[in-house]
Amino acid sequence: MALKYAVLIIAILAVVTSISHASDPSPLQDFCVAVNDSMTPVFVNGKVCKDPKVVSANDFFKSGLNVAGNTSNNVGSAVTAVNVNNLPGLNTLGISLVRIDYAPYGLNPPHTHPRGTEVLTVLEGTLYVGFVLSNPGPNMKNKLFTKILHPGDVFVFPIGLIHFQFNVGKTKAVAFAGLSSQNPGVITIANAVFGSDPPINDDVLAKAFQVDKKVVHYLQSQFWWDNN
């Protein structure tokens, strides 16, 4: 009986611990303005703190999100990010923000944020959005959730799941999104798989995608645009 209770306690602790670490760690002070110094000899999970005595309001301020991103590219979209790398006051606060501009029929390609959940709202235009669940059980397919969004609509993309947004309108679209990390990261699926440096072995990709190596070579030879 004691063993059963011990196992139960360990299981509960494991769940609680996983929940408590589901986003960036909580700060232990009012703020920790990041020091963007690539020469610093200290490596931490995040950024080194700036001396509070020299912190100013500018460390918590960034302008420019009123300016549309350049969507004249292969995918027809541009992501303007506000994170700890360009707004140092976000350090340890566990949040960041992006503006996404879409040309008519522009796409923010399938991608993931390994460290953050995303909540997106449309300001202008009409977007077809969706995300795919992680691998299901045997003989099941990854389930896709999609929605058509109009101005004022909100949609959530859970942390780590592949998701996308596509402008289905004939005019431009604009969206803003908040993310639950000061530096959520982004992995654009096509870029990572077919545009890595060095390239992934063609035997691996041919077998994984069940295609001829010529198809793999063609895809690896393309220019994979990074819209971030």
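This passage walks through two sheets, a pocket, a surface patch and two backbone details of a predicted model.

Some ground rules come first. The model is predicted, so local features need pLDDT of at least 70 and side-chain atom pairs count only at pLDDT 80 or more, while totals for chains, interfaces and linings use all residues. Residues are numbered from 1 along each chain as its sequence is written, and side-chain values use heavy atoms, with hydrogens and water left out.

One open sheet has five strands in the order β1-β2-β9-β4-β7, with antiparallel pairing. Strands here are DSSP runs of E with at least two residues, helices are runs of H or I with at least four, and both are numbered from the N terminus; two strands count as paired if DSSP finds at least two bridges between them. At the edges stand β1 (77–82) and β7, each with a single partner strand, so one side of each is left without a neighbour in the sheet. From one strand to the next, the twist averages 20°, with axes fitted as lines to C-alpha atoms (for helices, over the stretch in contact) and angles running from 0 to 180 degrees between N-to-C directions.

Going through the pairs, β1 meets β2 (residues 96–102) in the antiparallel sense over six bridges, and Val 79 sits opposite Ile 100 in β2. Strand β4 (residues 118–124) pairs with β9 (residues 173–179), again antiparallel and over six bridges. With β7, β4 makes an antiparallel pairing over four bridges. Leu 120 turns up on both sides of this arrangement: its bridge partner in β9 is Ala 177, and Phe 155 in β7 stands opposite Leu 120.

The other open sheet of five strands runs β6-β5-β8-β3-β10, also with antiparallel pairing. Here β6 and β10 (187–188) take the edges with a single partner strand each, so one side of each is left without a neighbour in the sheet. Six bridges link the antiparallel strands β5 and β6, with Gly 130 opposite Thr 146 in β6. Another six join β5 to β8, likewise antiparallel, and there Leu 127 stands opposite Asn 167 in β8. The antiparallel pairing of β3 with β8 (residues 162–167) covers three bridges; Asn 108 has Gln 165 as its bridge partner in β8.

Strands from both sheets come together around the second largest pocket, since β1, β2 and β3 (107–112) each supply at least two residues of its lining. Its volume is about 210 Å³. On a 1 Å grid over the protein atoms alone, a pocket is an open set of points with protein on both sides within 12 Å along at least five of seven lines, whereas a cavity is a set where a 1.4 Å probe fits but cannot get out; lining residues have an atom within 4 Å of a point. Grid points are joined across faces, edges and corners, and the volume is the space filled by probe spheres set on them. Of the 17 lining residues, those closest to the pocket centre are Ala 81, Val 98, His 113, Val 186 and Asn 228. Strand β2 gives the most to the lining, with four residues.

On the surface, Val 119, Val 154 and Val 156 form a nonpolar patch with about 230 Å² of accessible area together. Val 154 belongs to β7 (residues 154–157). Patch residues have over 30% relative accessible area and no salt bridge, with like charges joined within 9 Å and nonpolar side chains (Val, Leu, Ile, Met, Phe, Trp, Tyr) within 5 Å. Areas come from the Shrake-Rupley method with a 1.4 Å probe, and for residues only the protein chains shown count as cover. A salt bridge puts a side-chain nitrogen of Lys or Arg within 4 Å of a carboxyl oxygen of Asp or Glu.

Two loops deserve a mention. Between α2 (189–194) and α3 (202–209) lies Pro 198, and the peptide bond from Asp 197 to Pro 198 is cis, with omega near 0°. Asn 139, in the loop between β5 (127–132) and β6 (144–149), has a positive phi of about 60° although it is not a glycine.
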